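Welcome, and thanks for taking a look at this one. Please have the sequence and the 3D view open side by side as you read the points below.

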Amino acid sequence: MARAIHPKKDIEMALRYAELQGWRVEVGGSHAWGKLYCPYNSELCRCGAFCISSIWCTPKNPGSHARALCRVVDNCTLNQMRGAKPVSHGRES
């Protein structure tokens with residue numbers, strides 16, 4: 001069964017990007033729309049939480065939240081160790 005589509009277009013695109021990189025999206029939770037889980041689930045994770053990020057349903061700035069989710073995927077320690085190159089996600093600041 002396919003997961004629910006996020007109501008914010010920018011965030012949905014970021015979630016699709018994460019899924020293409022192997023990350024898992026789980027919909028549901030107490031305060032968040034869902035969670036984003038790293039495919040590696042390794043102790044070498046930079047944050048020690050094994051790369052889990054909350055996905056908000058109605059953030060103040062959906063574009064900013066979408067870019068933050070893409071940064072989490074791009075900056076994954078094991079992803080970088082394997083030689084993956086970050087992808088440009090729209091305008092750069």
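Two strands count as paired if DSSP finds at least two bridges between them. With that in mind, V27 stands opposite G34 in strand 2. Please note that this is a predicted model. Its three strands form an open sheet in the order 1-2-3, with antiparallel pairing.

**The sheet**

- Strand 1 and strand 3 (52-55) are the edge strands, each pairing on one side only.
- From one strand to the next, the twist averages 25 degrees.
- Strand 1 (residues 24-27) and strand 2 (residues 34-37) run antiparallel and are joined by four bridges.
- These two strands, 1 and 2, form a hairpin with six residues between them. In the turn, G28 has a positive phi of about 115 degrees.
- Four bridges also link strand 2 with strand 3, again in the antiparallel sense.
- Across that pairing, L36 stands opposite S53 in strand 3.

**Helix 2 and R71**

- Helix 2 packs on the sheet, where it touches strand 2 and strand 3. The direction of helix 2 makes about 165 degrees with that of strand 3.
- R71 lies in helix 2 (residues 62-74).
- With a relative accessible area of 47%, R71 is partly exposed, because that class covers values between 20% and 50%.
- R71 and A14 are 57 residues apart in sequence, while their C-alpha atoms are 9.7 Å apart in space.

**Salt bridges**

- The model has four salt bridges.
- R24 forms one of them with E26, and their closest N and O atoms are 2.9 Å apart.
- Both partners count as partly exposed: R24 has 43% relative accessibility, and E26 has 37%.
- R3, E12, R16 and E19 are joined into one network by salt bridges that share partners.
- Within this network, E12 forms a salt bridge with R3, the closest N and O atoms being 2.9 Å apart.
- E12 also forms a salt bridge with R16, where the closest N and O atoms are 3.0 Å apart.
- E12 and R16 are separated by about one helical turn, because they are four residues apart in helix 1 (residues 9-20).
- Is E12 buried or exposed? E12 is buried, since its relative accessible area is 5% and the buried class means under 20%.
- R16, its partner, is partly exposed, with a relative accessible area of 41%.

How values were computed:
Residues are numbered from 1 along each chain as its sequence is written. This is a predicted model: local features need pLDDT of at least 70, side-chain atom pairs count only at pLDDT 80 or more; totals for chains, interfaces and linings use all residues. Side-chain values use heavy atoms; hydrogens and water are left out. Buried means under 20% relative accessible area, exposed over 50%, partly exposed in between (1.4 Å probe, protein chains only). Axes are lines fitted to C-alpha atoms, for helices over the stretch in contact, and angles run from 0 to 180 degrees between N-to-C directions. Contact means heavy atoms within 4.5 Å. A salt bridge is a side-chain nitrogen of Lys or Arg within 4 Å of a carboxyl oxygen of Asp or Glu.
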